[in-house]
Amino acid sequence: MLSETKFITTSITDNSHNYKETQSMDISKPCILILGGENTNSDSVASSYFRSIKETLKNNRITSNLNLYSACYDFGQRDSKLDRFSLFYQFRTPKQLADINAAYLLSDLSLYPFYNIEPQYINNIYQVALQPRLYAKNGEILPPETIEKNLRNMVIFAHCHGAYVARMLEQKMLQDTNLQKLLSQKPKLLQNMLVINHAPFAPLENYQFTSLSFCSASDTQAGLYTKLDSQIKSAPNECAPAFFGSEFGNIMIADRLKRDINDEHSHIGLRGSHFTDAKLTPSGKILFSIERNALLKGVDAMIKGKAIPTIPQMLSTQYASYQELKRRGMQIYRHFHNR
């Protein structure tokens, strides 16, 4: 298959920085699919995520039975920024977007030749990562129990634009007429896919996958992820580490993550080393420790063939309990809502 998207892969047992190119996945083996930011258009950027994820896993004794895949995007003539905003307009009203200073893009979208045309690289990723988990080689859709197992055998880690890619993959699944029939019988089928987003640049509400997102209120490179965005960004210092539930897309937000504000958008901090922790604010240490816990618990359960842990299980750590994070979220919501 000729593809606009190249995949590279490595194994958790490979202690080097080696990787190889691939256009297929071993769906029988647990894996993490990494969907990087919009600059992930080269092997060097895509493989940098391998180093971060590998160290995170190995530092926490996950050292076997796991493949890692990372996608290298080829946007061609597409504008990734306008592609993202075209997705936002499917989830938000023009007024909601005007409140966060995005309405000017309406005129841009009307002139965008690829508006409402599916990006080819999304289709490429779908064909490699998801289609074999849904369909047999003869083209017949698989039994729901097999699909459930296949979806559970992959965890997605998405950064920035990668959250848009994950949402588009979900949309392709929801548009599949064969899958629609299965979902009428098994409405929770897609919840077997776990997505961990960092600094997401995509709408998060109404996710069909099981998703958890982590971001900074001071991050100027990403936004629009929830309807709270404009209020939180207007007063980031008023947002102590807090969790906002399913109404807002299961997102945890902190006031500021990095000591260097220019590094605020980066996912570096996930691994929890002394080197990366020294770059974090107190809030950053809390958020990254919880994000790391969510990823580790989700991956560990996948490797052991267990169901995805509950959101309270993934969010509760020594730094904060799920109940405390949710309580803070409600306080912050009421604070902004009552202004």
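In this predicted model, the side chains of Arg92 and Glu205 are joined by a polar contact of 2.7 Å. The side chain of Arg92 also reaches the backbone oxygen of Tyr225, at 3.1 Å. Arg92 sits in the loop between helix 2 (80–91) and helix 3 (94–98), and because its relative accessible area is 5%, under the 20% limit, it counts as buried. Leaving aside neighbours within four places in sequence, Arg92 is in contact with Leu97, with Pro203, Leu204 and Glu205, and with Leu224, Tyr225, Thr226 and Lys227.

A second loop residue, Thr281, can be described in the same terms. Thr281 belongs to the loop between helix 10 (274–277) and helix 11, and its relative accessibility of 13% places it among the buried residues. A polar atom of the Thr281 side chain lies 2.6 Å from the backbone oxygen of Arg256, and a polar atom of that side chain lies 2.9 Å from the backbone nitrogen of Gly284. When residues up to four places away in sequence are not counted, Thr281 touches Arg256, Leu257, Lys258 and Arg259.

The polar pairs of these two loop residues are collected here.

| Side chain | Partner | Distance |
|---|---|---|
| Arg92 | Glu205, side chain | 2.7 Å |
| Arg92 | Tyr225, backbone oxygen | 3.1 Å |
| Thr281 | Arg256, backbone oxygen | 2.6 Å |
| Thr281 | Gly284, backbone nitrogen | 2.9 Å |

Helix 11 itself covers residues 282–303, and at 1.5 Å a residue its 22 residues should span 32 Å, which agrees with the 32 Å between its end C-alpha atoms. Of these 22 residues, 17 are buried, so helix 11 is largely enclosed by the rest of the structure. Just after helix 11, Gly305 takes a positive phi of about 75°.

Elsewhere, helix 5 (residues 120–134) packs against helix 7 (residues 161–174) at an angle of about 55°, with the two axes 10 Å apart, and that angle makes helix 5 oblique to helix 7. The crossing of helix 5 and helix 7 is right-handed. Helix 5 contributes Tyr121, Ile122, Asn123, Ile125, Tyr126, Leu130 and Leu134 to the contact, while helix 7 contributes His161, Tyr164, Val165, Met168, Leu169, Lys172 and Met173.

Finally, Ser44 is found in helix 1 (residues 43–58), where its relative accessible area of 49% makes it partly exposed. Ser44 and Lys95 are 51 residues apart in sequence, and their C-alpha atoms are 40 Å apart in space.

Methods
Residues numbered from 1 in each chain as written. Predicted model: local features only at pLDDT ≥ 70, side-chain atom pairs only at ≥ 80, totals over all residues. Heavy atoms only, no water. Helix = DSSP H or I, 4+ residues; strand = E, 2+ residues; numbered from the N terminus. Buried < 20%, exposed > 50% of the residue type's maximum accessible area, 1.4 Å probe, protein only. Expected span 1.5 Å × (residues − 1). Polar contact = N/O pair within 3.5 Å; in protein donor to acceptor, adjacent residues only side chain to side chain. Contact = heavy atoms within 4.5 Å. Axes fitted to C-alpha atoms, helices over the stretch in contact; angles between N-to-C directions. Parallel < 35°, antiparallel > 145°, perpendicular 65-115°, else oblique. Left-handed = near helix turned anticlockwise from the far one by under 90°.
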